[in-house]
Amino acid sequence: MGKTVFMFPGQGAQYVGMGKEFYDNYNVCQAVFELASKVTGIDVAALCFEENEQIHMTEYTQIAMLTAETAIFMAMEQGKQKPDYTAGLSLGEYGALVASKVLDPADAFHLIRKRGIYMQEAVPSGGAMNAIMGLEPKAIEEICEQTDGIVSVANYNCPGQIVITGEQQAVEKAAQACKAAGAKRIVPLNVSGPFHSEMMESAGQKLAAELEDIQIHRIAIPYVSNVTADFVTDHTLVKELLQRQVSSSVRWQQSIERMIEEGADEFVEIGPGRSLSSFVKKISRNVAVYHIEKPEDMEAYVNR
């Protein structure tokens, strides 16, 4: 019998209004937003539902995204929908940890709020990220290694799409070299910092201090780490992995391939946007992919 993966998206998919239909129709979702507000001191419902610029600022985006994702997951769980595995891209890994019962929601909200602040503080300017389309990973890795300055792979998203990160000039030089080497397209990303680069190590160190007092539960549902692209079987490793994740490459393609190896044949993206669904479809044509962003999506999935 096949296995189902619940997967949670990262930064970039946020928009004003995300999660509102769930909030309006499910008490359990309202409770999630109220908890996030209580933990962080932010009116997270207003942040997600009312027109504002903060939702696109890293220190606010992360708590907004995680709250919306967790609310939708809780509605799914209330409806007896349960995954066999979980995974999340970057901040989405915290959604996966909640779904796998490794982190209590309140602790996840506290951590992701601090993570967003620390990442925003780490490099207020001078960093960049570019998506490289249509060039082999090894070629991109070699170009990054040969480029002066700080530049490395941030995300292995799917075949034909890799994101590089680092100092702006170094990223631009590496992107030009990738274009010369045959990349089909270069897309500068609208982000506020060089996420998942060594320039984020200070943010990881500050996050480690926050993690010291957080209780990590035994892993109830297997989840795959961004850092290792493998299942985490020892819950005592979670804190170190979350610290490293801030400055390490996100091995999303490898994570999906690992879960497919273990029998995953159904992938359900929970939260705003369809980026993860798109990646999975490019990684494998032999799996079913679903996306749950609104209550009608959940109804369609439950009644499939």
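Cys-158 counts as buried, at 2% relative accessibility. That is a handy place to start a tour of this structure, which is a predicted model.

**Cysteines**

How many disulfides does a search of the whole structure find? The search finds zero. Cys-48 is in no disulfide, and the cysteine sulfur nearest to its own belongs to Cys-29. Cys-158 is likewise in no disulfide, with Cys-178 supplying the nearest cysteine sulfur. A disulfide needs two cysteine sulfur atoms within 2.5 Å, and the table shows the distances for these two residues, together with their burial.

| Cysteine | Nearest cysteine sulfur | Distance | Relative accessible area |
|---|---|---|---|
| Cys-48 | Cys-29 | 12 Å | 0%, buried |
| Cys-158 | Cys-178 | 15 Å | 2%, buried |

**The largest pocket**

If you are looking for open space in the model, the largest pocket has a volume of about 730 Å³. Its lining is made up of 29 residues, and those nearest the centre are Gln-11, Gly-12, Ala-13, Leu-189 and Val-191. Five elements give two or more residues to this lining: the helices α6 (105–122) and α12 (275–283), and the strands β3 (127–133), β4 (151–158) and β5 (161–167). Of these, β3 gives the most, with three residues. What classes of residue make up the lining? There are 14 nonpolar residues, 14 polar ones and one charged residue.

**Ser-277 in helix α12**

Helix α12 also holds Ser-277. This serine is buried because its relative accessibility is 5%, which falls under the 20% limit for that class. Its side chain makes a polar contact of 2.6 Å with the side chain of Glu-269. Beyond its neighbours within four places in sequence, Ser-277 is in contact with Met-7, Glu-269, Val-289, Tyr-290 and His-291. Glu-269 thus appears both in the polar contact and among these contacts.

**Helix α5**

Is helix α5 mostly covered or mostly uncovered? This helix, residues 92–99, is mostly covered, with eight of its eight residues buried. They are Gly-92, Glu-93, Tyr-94, Gly-95, Ala-96, Leu-97, Val-98 and Ala-99. The cover over these residues includes the strands β1 (3–8) and β2 (85–88), along with the helices α4 (58–78), α6, α9 (201–211) and α10 (238–245). Helix α6 therefore turns up twice in this tour, as it also gives residues to the lining of the largest pocket. Just after α5 comes Lys-101, which takes a positive phi of about 70°.

Definitions and conventions. Residues numbered from 1 in each chain as written. Predicted model: local features only at pLDDT ≥ 70, side-chain atom pairs only at ≥ 80, totals over all residues. Heavy atoms only, no water. Buried < 20%, exposed > 50% of the residue type's maximum accessible area, 1.4 Å probe, protein only. 1 Å grid on protein atoms, 1.4 Å probe; cavity = no way out; pocket = protein on both sides within 12 Å on 5 of 7 lines; lining within 4 Å. Points joined across faces, edges and corners; volume = space filled by probe spheres on them. Helix = DSSP H or I, 4+ residues; strand = E, 2+ residues; numbered from the N terminus. Nonpolar A, V, L, I, M, F, W, Y, C, P; charged D, E, K, R; others polar. Polar contact = N/O pair within 3.5 Å; in protein donor to acceptor, adjacent residues only side chain to side chain. Contact = heavy atoms within 4.5 Å.
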